[in-house]
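Thanks for coming. Please have a look at the structure before I go through the two copies, the surface near the DNA, and one residue.

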Number of protein chains: 2
Amino acid sequence: MATAKNGAAAAERRRQILDAAVRVFARQGFHTCRVSDIADEAGVAYGLVYHYFRSKDAVLDTLFRDRWSLMTALIEDVDRQDLPVRDKLHAITSFIIDSYRHDPELMKVIIVEVTRAANSFGQTHLTEIRKAYDGIATIVEHGQAAGELRTDITSQFAAMAFYGAIEQVLTSWIFDLLPFGEVEAEQAKTLIVETICGGLDAK
Amino acid sequence: MATAKNGAAAAERRRQILDAAVRVFARQGFHTCRVSDIADEAGVAYGLVYHYFRSKDAVLDTLFRDRWSLMTALIEDVDRQDLPVRDKLHAITSFIIDSYRHDPELMKVIIVEVTRAANSFGQTHLTEIRKAYDGIATIVEHGQAAGELRTDITSQFAAMAFYGAIEQVLTSWIFDLLPFGEVEAEQAKTLIVETICGGLDAK
DNA sequence: CCGGCGATTGACTCGTCAGTCAACGACCGC
DNA sequence: GCGGTCGTTGACTGACGAGTCAATCGCCGG
């Protein structure tokens, strides 16, 4: 029967395939890799991938959803706290950058294959992606209401600029356009918030 | 022989195919469309696409290079002028947004299929893309040297934040996350520069 | 008119994979 | 140790689409 042990083993196998998929997608890209590459990387038979996932797409869907839901949850959570806007935005930036530091391959896949691929996969997840933007916009609105942020820049717009800056920095790390390390990661957190809130103008 | 008339006719045919490709890529995406879709859209035979282009990739390459080279040229040109940094950044923002206003489908293709698809096509054009980032960074450096911009934010970083903000706004238009029109386009130009230079903080 | 050359056509080839499925194996309860 | 269930295997199929190429067209110079 489907005992707890069986369930755990199944979850482990599933994880094994997902982890392999992350490595393969990061290395070769979703479109360029074959399902057999994932199976080989995971050390399982081709058909087993289809035992755990409906299709190749479903594997990427799972990777994206599992991770993205954490982010939207965090955004909502942060907004509920009683903090200065800067701290809220810093918390979001930290979360994203730490996600990258912790698992660069997974973040590469999510950004390159989903978030930035709004034509193919992003289209499917547009609602979820939008949810993150909207959450950030809400935070900005609260900051505006509290008099912390200027009101002549719409919250939707500010959210796009903020998120766009973060994603561009991650992308520049992913493709080695800017150097990445512990130091750079910490600096980036401050710099992004500082740029967006403080602006580039000399004082 | 290859007379001037023949040459002109050939250029026209080539253009015809390129224009069709823009429409098809914008509608269906590069990976999802077939070469026959481009041929059908252009009203020519399948094989003719291969008479004018080495491969399907070459069509997209051409579209990207033709447009992107204009942008890097503009960036270099703007930097040579004696203007306040804000005006320089405004000029770049204007150019990109006007490009979108003038030919949204072409810009959609370039952003979605190349710039934001650094894994597949972007990889091929990484050098050209980088050239634009570097050009913006140079402008920031000159602004810093002139005392117009703060120096505690590195120019590379500032360039990423600036470009990232622009691209995110375009992306939000492309996928109908924000409304687009003449008014929004003009507002966006000011807002992007204002956000990046002035910052979101209330004064 | 004719010969020739480049433009144009579209049926065909050929490789590539996503997804299927029939068979095999390991484990468990009885 | 027997039967059954579910995890696992990997060869196979069917669809699809990029790129080829031999045949046709139409223009132009002689």
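A turn of 180° with a shift of 0.0 Å along the axis lays chain B on chain A, at an RMSD of 0.0 Å; the superposition is by least squares on the C-alpha atoms of residues with pLDDT of at least 70 in both copies. That is how a two-fold axis relates its copies. In chain B, B:G199 has the C-alpha nearest the axis, 1.8 Å from it. Both copies use the same surface, since 98% of the contact residues of chain B recur in chain A; contact means that the C-beta atoms of two residues, placed from the backbone, lie within 7 Å.

A word on the source. This is a predicted model, where local features need pLDDT of at least 70 and side-chain atom pairs count only at pLDDT 80 or more, while totals for chains, interfaces and linings use all residues. Residues are numbered from 1 along each chain as its sequence is written, and chains are lettered from A and ligands numbered from 1 in the order in which they are written.

Now the DNA. Around DNA strand C there are 15 residues, and the closest are A:R34, A:G47, A:S55, B:A45 and B:G47; near means a C-beta atom, placed from the backbone, within 6 Å of the strand. The elements giving two or more residues to this surface are α3 (46–52) of chain A, and α1 (4–28) and α3 (46–52) of chain B. The most comes from α3(B), with four residues. Helices here are DSSP runs of H or I, at least four residues, numbered from the N terminus.

Last, B:R15, which sits in helix α1 of chain B. Between its C-alpha atom and that of B:Y52, 37 residues apart along the chain, the separation is 9.8 Å.
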